[in-house]
Amino acid sequence: MSARINPSILSADFVNFERDFGTIANCDLIHVDVMDNNFVPNLTFGLPMVARMQQIAPKPLDIHLMIANVDKWGPGYAETGAYSVTFHAEASENPVQLARALRSIGARAGVAIKPGTEVEPFLEILHEFDQLLVMTVEPGFGGQGLIEDTLTKVSKARRKIDAEKIDVWLQVDGGIDETNIARVAELGADTFVAGSAVFKAEDRANQIENLRQLANSGIKHRH
Ligand code: DX5
Ligand code: ZN
């Protein structure tokens with residue numbers, strides 16, 4: 001298993017996405033935060049912007065929907081040709097049905113849980129998803145500190161994925177940087193979103209490689 005580093009463009013220059021994409025082209029996927037000022041108290045962009053990004057991005061898009069009514073609006077994002085669409089369990093009436101809809105359109109289907117949401121109910125239905133996103137901060141803003149308590153969910157999910165050999169990526173998002181990524185990888189994450197840690201770096205490509213190596217060393221130390 002090799003770590004994936006997905007920079008979050010929430011920390012990019014919103015009027016220079018194309019230029020900023022060029023600075024992170026050695027990443028694995030590009031993490032795109034869609035916020036509706038309803039499910040979260042922040043607003044980014046919607047479907048037309050994501051559809052356009054899809055055309056110019058150097059890597060596949062990893063879309064993180066922080067929107068209400070996601071059962072209705074989520075499938076449209078998969079229809080842009082997005083590689084992966086992750087929605088919040090808290091915003092969906094029927095996460096399994098939505099994941100099946102996303103998969104049937106051809107996207108990988110991810111389910112995300114906020115820091116206050118228990119992981120256990122999702123461990124029983126992990127095979128319905130291609131990715132589990134354990135939020136390590138409250139969704140809404142970049143640059144927050146990682147909430148340590150959330151990491152027990154990462155360990156629990158890793159144990160379940162390994163025990164049952166389920167093919168699901170375990171993503172973490174929020175407060176991930178060079179000081180904690182190896183430890184979070186050792187606990188079980190394999191897919192790492194990093195916003196400020198990548199975009200504030202002087203050499204972003206170098207920082208992506210640095211984070212990848214640190215994460216891979218953490219994965220190696222798992223017992
Ligand atoms: C927060 C977003 C994150 C955010 C992470 O709600 O989902 O993707 O950009 O930013 P950092 O890495 O700065 O915590
Ligand atoms: Zn995100």
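In this predicted model, 20 residues surround ligand 1, and those that come nearest are S8, G140, D173, G195 and S196. The side chain of S8 contributes an N or O atom that lies 2.7 Å from an oxygen atom of the ligand, while the backbone also takes part, since a polar backbone atom of G140 is found 2.7 Å from an oxygen atom of ligand 1 and a polar backbone atom of G143 is placed 2.8 Å from an oxygen atom of ligand 1. On its own, ligand 1 has 390 Å² of accessible area, of which the protein covers 100%.

D173, listed among the residues that come nearest to ligand 1, is also one of the protein donors of the zinc ion, ligand 2. The protein donors of this ion are H31 through NE2, D33 through OD, H64 through ND1 and D173 through OD, and they lie 2.1 to 2.3 Å from the metal. Along the chain, these donors follow the spacing H-x1-D-x30-H-x108-D. Distant parts of the chain are linked by the pair of H31, which belongs to strand β2 (residues 30-35), and H64, which belongs to strand β3 (residues 61-66), the two being 33 residues apart. Both H31 and H64 are buried. Around the zinc ion there are 6 donor atoms, and the arrangement is octahedral because the angles that these atoms subtend run from 71 to 172°.

Aromatic contacts were examined next, and a search of the whole structure finds 5 aromatic pairs. One of them joins F17 and F45 in an edge-to-face arrangement, with 5.8 Å from centre to centre and 90° between the planes. Because F17 is located in helix α1 (residues 17-23) and F45 in the loop between β2 and α2 (47-56), this pair ties together parts that are 28 residues apart in sequence. Both residues of the pair, F17 and F45, are buried, and together with F14 and F21 they form one aromatic cluster.

A further pair is made by Y83 and W169, whose ring centres are 6.4 Å apart and whose planes stand at 35°, so that the pair is tilted. Y83 lies in the loop between α3 (70-79) and β4 (84-88), whereas W169 lies in strand β7 (residues 169-173), and the pair therefore ties together parts that are 86 residues apart in sequence. With a relative accessible area of 35%, Y83 is partly exposed, whereas W169 counts as buried at 13% relative accessibility, the cut-off for buried residues being under 20%.

Notes: Residues are numbered from 1 along each chain as its sequence is written. Chains are lettered from A and ligands numbered from 1 in the order in which they are written. This is a predicted model: local features need pLDDT of at least 70, side-chain atom pairs count only at pLDDT 80 or more; totals for chains, interfaces and linings use all residues. Side-chain values use heavy atoms; hydrogens and water are left out. Donors are N, O and S atoms within 2.8 Å of the metal (3.2 Å for Na, K and Ca); water is not among the atoms, so sites may look incomplete. Four donors count as tetrahedral if all angles lie between 85 and 135 degrees; four count as square planar and six as octahedral if opposite donors are over 155 degrees apart and all others between 65 and 115; anything else is irregular. Helices (H or I, at least four residues) and strands (E, at least two) are DSSP runs, numbered from the N terminus. Buried means under 20% relative accessible area, exposed over 50%, partly exposed in between (1.4 Å probe, protein chains only). A residue is near a molecule or strand if one of its heavy atoms lies within 4 Å of it. A polar contact is a pair of N or O atoms within 3.5 Å; within protein, one must be able to donate a hydrogen and the other to accept it, and residues adjacent in sequence count only if both atoms are side-chain atoms. Accessible areas come from the Shrake-Rupley method with a 1.4 Å probe; for residues, only the protein chains shown count as cover. Rings of Phe, Tyr and Trp (its six-membered ring) pair if their centres lie within 6.5 Å; planes under 30 degrees apart count as stacked, over 60 as edge-to-face and the rest as tilted.
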